[in-house]
Amino acid sequence: MEYLVTMTTNVPPGTAEQTVDDVRSREAARSRELAAQGHLLRLWRPPLQPGEWRTLGLFAAADDSELEQVLASMPLRVWRTDEVMPLSPHPNDPGPAPRQTDPSS
């Protein structure tokens, strides 16, 4: 199944910048791992207000339980709330867009 997840992060006031940087670095590494495992398919940054920290993610998991395990494994989850929307196929879905190749390579 695929899921659209709105991830909203609220870092507690007074958190040291070094701590934030460390968690963000570990989050980036974990995101790469989840992508390689086929769980994290896409990430988007929606329009944000100043100070707002939100991401939209397209995830794949066998079921809701596996998705929760995937989301819980992400370091930013300690400061994040997630809104999960399960997605089902649409009969008119054209499928994934073909990847663009670089003609100079």
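## Starting at Thr9

Let's begin with one residue and its surroundings: leaving aside residues up to four places away in sequence, Thr9 touches Trp53, Leu76, Trp79 and Arg80. Please keep in mind that this is a predicted model. Thr9 belongs to strand E1.

Is Thr9 buried or exposed? Its relative accessible area is 7%, and buried means under 20%, so Thr9 counts as buried.

## The sheet around E1

From Thr9 we can step out to the sheet. Four strands make an open sheet, and their order is E2-E3-E1-E4, with antiparallel pairing. Strand E2 (40-44) and E4 are the edge strands, each pairing on one side only. On average, neighbouring strands of this sheet are turned by 20° against each other, direction ignored. As a general reminder, strands of a sheet pair through backbone hydrogen bonds, either parallel or antiparallel.

Now for the individual pairings. Strand E1 covers residues 2-9 and pairs with strand E3 (residues 54-60) in the antiparallel sense, over seven bridges. Within that pairing, Thr6 has Leu56 of E3 as its bridge partner. E1 is also joined to strand E4 (residues 80-87), by eight bridges, and these two strands run antiparallel as well. If you would like a landmark there, look for Leu4, which stands opposite Met85 in E4.

How many bridges join E2 to E3? There are four, and the two strands run antiparallel. Leu43 is a handy place to look, as this residue stands opposite Gly57 in E3.

## The nonpolar cores

Next, the interior. In soluble globular proteins, nonpolar side chains tend to be buried together. Here the largest nonpolar core has 11 residues in all: Tyr3, Val5, Met7, Leu34, Leu40, Phe59, Ala61, Leu67, Val70, Leu71 and Met74. Which elements give two or more residues to this core? They are E1 and helix H2 (64-72).

Apart from this core lies another, of five residues, with Val20, Val23, Trp53 and Leu76 among them. Two of these names may look familiar: Trp53 and Leu76 are among the residues that Thr9 touches.

## A closer look at Leu34

Leu34 is one of the residues of the largest nonpolar core. Not counting residues up to four places away in sequence, Leu34 touches His39, Leu40, Val70, Ser73 and Met74. Among these contacts, Leu40, Val70 and Met74 are themselves listed in the largest core.

Definitions and conventions: Residues numbered from 1 in each chain as written. Predicted model: local features only at pLDDT ≥ 70, side-chain atom pairs only at ≥ 80, totals over all residues. Heavy atoms only, no water. Pairing = 2+ DSSP bridges. Axes fitted to C-alpha atoms, helices over the stretch in contact; angles between N-to-C directions. Buried < 20%, exposed > 50% of the residue type's maximum accessible area, 1.4 Å probe, protein only. Contact = heavy atoms within 4.5 Å. Core = buried A, V, L, I, M, F, W, Y, C linked by side-chain atoms within 4.5 Å.
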